[in-house]
Amino acid sequence: QLQLVESGGGLVQPGGSLRLSCAASGFTPDYYAIGWFRQAPGKEREGVSCISSSGGSTNYADSVKGRFTISRDNAKNTVYLQLNSLKPEDTAVYYCAVADLRRNPLFWGGSEFDPLSYNYWGQGTQVTVSS
C-alpha cells in the first residue's frame, strides 16, 4: 500500500528557510511523478512544484520560482522541497502527492499542477511564515 509522509514544516521568520521531506513507501518510483501542493485557509489547493521519476524534469509555480527547489532521492524514496526566502504568503499546509503516469500519460502536457492528476496524497505539514 502506497504511503506518503511529509515532514519538515514549522514556524519561520520572513526570509528564512525550511526543507520539507516526503517519504514514500509501497511503490516503485519508475512510473510516478511527485508533486508538492499547498493550501492556505480559505483558498484552493495550488500546485507548487513537481518532479519526474528520474528527477530530470521539474516544474515550479511562478510564485515560487527562484525560491523553492525540488529534488528527489530514489534510493531513499524521498522527495524534498527546499523553501528559501520565505514570505508570509507562503504560509499554508503543504502536501506531497504522487501521480501514476501509467494512468495519465499526458501528465507533462500541462496537468502537472492539477490536483486531479494525482492519485495519492500525504497528510500535509504546516508551514507558517511570521515575525
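This dialogue walks through a sheet, a group of aromatic rings and one arginine in a predicted model.

Reader: Where do I start with the sheet? In which order do its strands lie?

Author: Strand order tells you who sits beside whom. Here four strands form an open sheet, in the order 1-3-8-7. The pairing is antiparallel.

Reader: Which strands are at the edges?

Author: An edge strand pairs on one side only. In this sheet those are strand 1 (3-7) and strand 7 (68-73). Neighbouring strands are turned by 15 degrees against each other on average, direction ignored.

Reader: How many bridges join strand 7 to strand 8?

Author: Six, and the two strands run antiparallel. Strand 8 covers residues 78-83. For one facing position, find Thr69: Gln82 in strand 8 stands opposite.

Reader: Now the rings. How many aromatic pairs does a search of the whole structure find?

Author: Five. Read each pair by distance and by the angle between planes. Phe107 and Trp108 are edge-to-face, with 5.1 Å centre to centre and 90 degrees between the planes.

Reader: Why does Phe107 count as buried?

Author: Its relative accessibility is 0%, and buried means under 20%. Trp108 has a relative accessible area of 32%, so Trp108 is partly exposed.

Reader: Which residues do ring pairs link into a cluster?

Author: Phe37, Phe107, Trp108, Tyr118 and Trp121.

Reader: Over which rings does the charged end of Arg45 sit?

Author: Look for a charge above a ring's face. The charged end of Arg45 sits over the ring of Tyr95, 3.9 Å from its centre. That charged end also sits over the ring of Trp121, 4.8 Å from its centre. Trp121 belongs to the ring cluster too.

Terms used
Residues numbered from 1 in each chain as written. Predicted model: local features only at pLDDT ≥ 70, side-chain atom pairs only at ≥ 80, totals over all residues. Heavy atoms only, no water. Pairing = 2+ DSSP bridges. Axes fitted to C-alpha atoms, helices over the stretch in contact; angles between N-to-C directions. Phe/Tyr/Trp six-rings, centres within 6.5 Å; stacked < 30°, edge-to-face > 60°. Buried < 20%, exposed > 50% of the residue type's maximum accessible area, 1.4 Å probe, protein only. Lys NZ or Arg CZ within 6 Å of the ring centre and 35° of its normal.
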